[in-house]
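Thanks, everyone. I have one short chain to walk through today. Let me put it on the screen.

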Amino acid sequence: MPIEAGFQCAGCGEWNETVVDETGGGRQSYVEDCQVCCKPNVLAIRWMGDGYEIHTELES
Ligand SMILES: [Zn+2]
């Protein structure tokens, strides 16, 4: 079941809403464009027990 999550854009610092799919595995990464500045953010999602961590960086 997809989970609503948020990430902070590495380019402009604005928060974006996204949806992560728990069934995709313990580690996932994908690119999502910032809804504010349109820069591509690489989201690295790591599941830890019942929580998760999202690391964001700009696509190089
Ligand atoms: Zn941005």
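Start with the inventory. The chain has five strands and zero helices. Along the sequence the pattern reads β-β-β-β-β. Keep in mind that this is a predicted model.

Now the overall dimensions. The C-alpha atoms fill a box of roughly 30 × 20 × 15 Å, taken along the principal axes. The radius of gyration is 11 Å. What would a compact globule of 60 residues have? Near 10 Å, so the chain agrees with that figure.

How much of the chain is buried? Buried residues make up 7% of the 60 residues. Then the contacts. Take those with a separation of 6 or more: 28% of them link residues 24 or more positions apart.

Next, the sheet. Which strands form it, and in what order? Three strands form an open sheet, in the order β3-β4-β5, with antiparallel pairing. The edges are β3, residues 27-33, and β5, residues 51-58, and each of these pairs on one side only. From one strand to the next, the twist averages 25 degrees. A quick reminder on pairing in general. Strands of a sheet pair through backbone hydrogen bonds, and they do this either parallel or antiparallel.

Let me take the two pairings in turn. First, β3 with β4. Strand β4 covers residues 40-48, and seven bridges join β3 to β4, running antiparallel. Two positions to click on. R27 has R46 in β4 as its bridge partner. Y30 stands opposite L43, also in β4.

Second, β4 with β5. Here there are eight bridges, again in the antiparallel sense. Look at L43 once more. Its bridge partner in β5 is T56. So much for the partners; what about burial in β5? This strand has eight residues, and the count of buried ones is zero, so β5 is hardly covered.

Now the turns. The hairpin of β4 and β5 has two residues between the strands, and G49 takes a positive phi near 65 degrees there. The hairpin of β3 and β4 has six residues between the strands. Which residue takes a positive phi in that one? C38, with a value near 70 degrees. That one deserves a second look, since C38 is a residue other than glycine. In general, most residues other than glycine have a negative phi.

C38 lies in the loop between β3 and β4. Is C38 buried or exposed? C38 is exposed, because 10 other C-beta atoms lie within 10 Å, and the cut-off for exposed is 12 or fewer.

Stay in that loop. Q35 lies there too, between β3 and β4. Q35 has 12 other C-beta atoms within 10 Å, so Q35 still counts as exposed. How far is Q35 from C9? Along the chain they are 26 residues apart, and their C-alpha atoms are separated by 8.9 Å.

A residue further back in the sequence now: Q8. Q8 lies in strand β1, residues 2-8. Q8 has 14 other C-beta atoms within 10 Å, and is therefore partly exposed. What does Q8 touch? Leaving aside neighbours within four places in sequence, Q8 is in contact with G13, W15 and T56. Note T56 there. T56 is also the bridge partner of L43 in β5. And there is a distance to C34 as well. Q8 and C34 are 26 residues apart along the chain, with 8.8 Å between their C-alpha atoms.

Last residue: E22. E22 is found in the loop between β2, residues 15-21, and β3. Its count is 13 other C-beta atoms within 10 Å, which means E22 is partly exposed. Not counting residues up to four places away in sequence, E22 touches M1 and I3. Where is I45 relative to E22? They are 23 residues apart in sequence and 9.9 Å apart in space, C-alpha to C-alpha.

To recap. The model is predicted. Five strands, zero helices. Three of the strands form an open antiparallel sheet, β3-β4-β5. Buried residues make up 7% of the chain. And if you open the model afterwards, go to C38 and its positive phi near 70 degrees. That is it from me; happy to take questions.

Key. Residues are numbered from 1 along each chain as its sequence is written. This is a predicted model: local features need pLDDT of at least 70, side-chain atom pairs count only at pLDDT 80 or more; totals for chains, interfaces and linings use all residues. Two strands pair if DSSP finds at least two bridges between them. Helices (H or I, at least four residues) and strands (E, at least two) are DSSP runs, numbered from the N terminus. Axes are lines fitted to C-alpha atoms, for helices over the stretch in contact, and angles run from 0 to 180 degrees between N-to-C directions. A residue is buried if 20 or more other C-beta atoms lie within 10 Å of its own, exposed if 12 or fewer, and partly exposed in between; C-beta atoms are placed from the backbone. Two residues are in contact if their C-beta atoms, placed from the backbone, lie within 7 Å. The radius of gyration is taken over C-alpha atoms; the globule rule is 2.2 Å times the number of residues to the power 0.38.
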